[in-house]
Every structure is written in structure tokens, then in C-alpha cells.
Amino acid sequence: MAMNQFQYQHAPSDQSNKITIGVIALAIILFFAILAWPRATPKPAQSMAASETMTPVLGPTQLGGKLNDNNTQAYLATLHRVKPFRSEALHRQAESAMSEGAGREQLAVLVLSANDRDLEQDLADLMRADVAQVDKLLAMLQTGATALSREAPQYCKLSAYDAHRGSTIGQISNTLVGNFTYGSRGYDWLIRFDRMLLEAIEDGRNNPKSYGRLTPTDLTALQTMGT
């Protein structure tokens, strides 16, 4: 799912679609991993003083000037704080893309795919996050699911998916990604969810908690919530 280069002038149009779908899938995978995996023994937490001293500050950037909505700005600041190396790589890539004529839509794809390469470590940190962080992610998913069922109820019906039986992957991805274009409510939801994931990762890294395996009561509660 990682992306090395983005060819804006000659790449096929479904390239950004594949990346966006991958980001959506990653959010789902991370969420269910939080619920289903047993929590690991915590690693030693960093001292708060050391963490605050080393926290990088994100100054004005070309990317921030181009995608200047509040949700993206907040995400970029969080990414820079939690994963400064990923943030620096994103801004370098964005500057290169803009020099080749990339617009907001292509830059938004870069932003959404910036945090897709550390799955194993992210899961390890998420397993140590405070329960309050998981509750926030649950509430965010419930809000998104409720909005989707109200504004696009066709996605809650099996017949909507059966209708795509003869469609190509490109046609299906165009339909899905159309709900997550820059500035759309879908994009805003996804960028806010990604920010919450980063905050949970940060919490598990800096203030690790230890949990036991899921009990039968836990599994019953999860089944009820899933329904």
C-alpha cells in the first residue's frame, strides 16, 4: 500500500483511487485490530519532560498553504508531532508534486497515504493505548456509519453491491472514492479519523497500558456492538 512516487501527468486516473481505498481499508483494519487483539505488556514510557522537549513544531509549508482547511491543518500538525520523519517525507513529496502541477485533489491523496507504512509498529502502540482512546475511535466510527446510512443509504443494502457484479475494479473504485474527494464530508471524516488514530498511537507509545485477553463477556459485548 506504500507509495514511492506519484506521476501526475501520465499516471492512470485509478492510481489515486487505489491509494484512497487502501487508506480506507487501513483504517478499518486498525480499528478491528484494536478490538480483537490481546493487549501486550507495555514498554517503558518516555518521560514527559523529554517528550515535550523533543516535540517538533510544524511551521508554514507549501502543502499547508494549499490544503488550508482546519481538519487537514490539524492532521498535518499531529502527524508532524507523532511521526516527524513521515511528516518531513510527506512535505518533500508534496513540494515535488506541486512543482509538477499537482492540484488539491492529488495533494489530498498524498496526505491520506502519509501514515500507511508503519502498520506493525502502529498496532503495537495501539494495543497499549488508553481505553478512552478506543472509545473515541468507536464514537467516530458510529458517527460516520450513521451519516452514511442517512446520506447514502444504498451502501447499507446488499442490492447496491450486487449491482456492481459486472463492473470493473476501476468502475467500482471510482464510485467509492467519489465519496472521499478533497473537501467532501467523507474526506473530512477520514482525515479526522486518521488524526484520532495518530493520537491513540501517541498515547500508547508515551503512556502504555497493559490489558488482559478478551473474556467471553467482552466478546458478547463486541458482537452486540457490531450488530
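These legends walk you through a few close-up views of a predicted model.

Residues are numbered from 1 along each chain as its sequence is written. Because this is a prediction, local features need pLDDT of at least 70 and side-chain atom pairs count only at pLDDT 80 or more, while totals for chains, interfaces and linings use all residues, and side-chain values use heavy atoms, leaving out hydrogens and water.

**View 1. Confidence along the protein.** The average pLDDT (the predictor's confidence in each residue, from 0 to 100) is 75, and 67% of the residues reach at least 70. Residues 1-13 fall below 50, with 24 contacts (heavy atoms within 4.5 Å) beyond near neighbours in sequence. Residues 37-53 are also below 50, and have 34 such contacts. Among the elements (helices, H or I, of at least four residues and strands, E, of at least two, taken as DSSP runs and numbered from the N terminus), helix 2 (residues 48-54) has the lowest mean pLDDT, 41, and helix 4 the highest, 95.

**View 2. The largest nonpolar core.** A nonpolar core is a set of buried Ala, Val, Leu, Ile, Met, Phe, Trp, Tyr and Cys residues joined through side-chain atoms within 4.5 Å. This one has 33 residues, and L63, Y75, L90, L107, V111 and Y187 touch the most other members. Helices 4, 5, 6, 8 and 11 each give two or more residues, with the largest share, nine, coming from helix 11.

**View 3. Around Y75.** Leaving aside residues up to four places away in sequence, Y75 touches V111, A114, N115, I191, D194, R195 and L198.

**View 4. Q133 in helix 8.** Look for Q133 within residues 131-151. Q133 counts as buried (under 20% relative accessible area, with exposed over 50% and partly exposed in between, using a 1.4 Å probe and protein chains only) because its relative accessibility is 15%. Beyond residues up to four places away in sequence, Q133 touches E199, A200 and D203.
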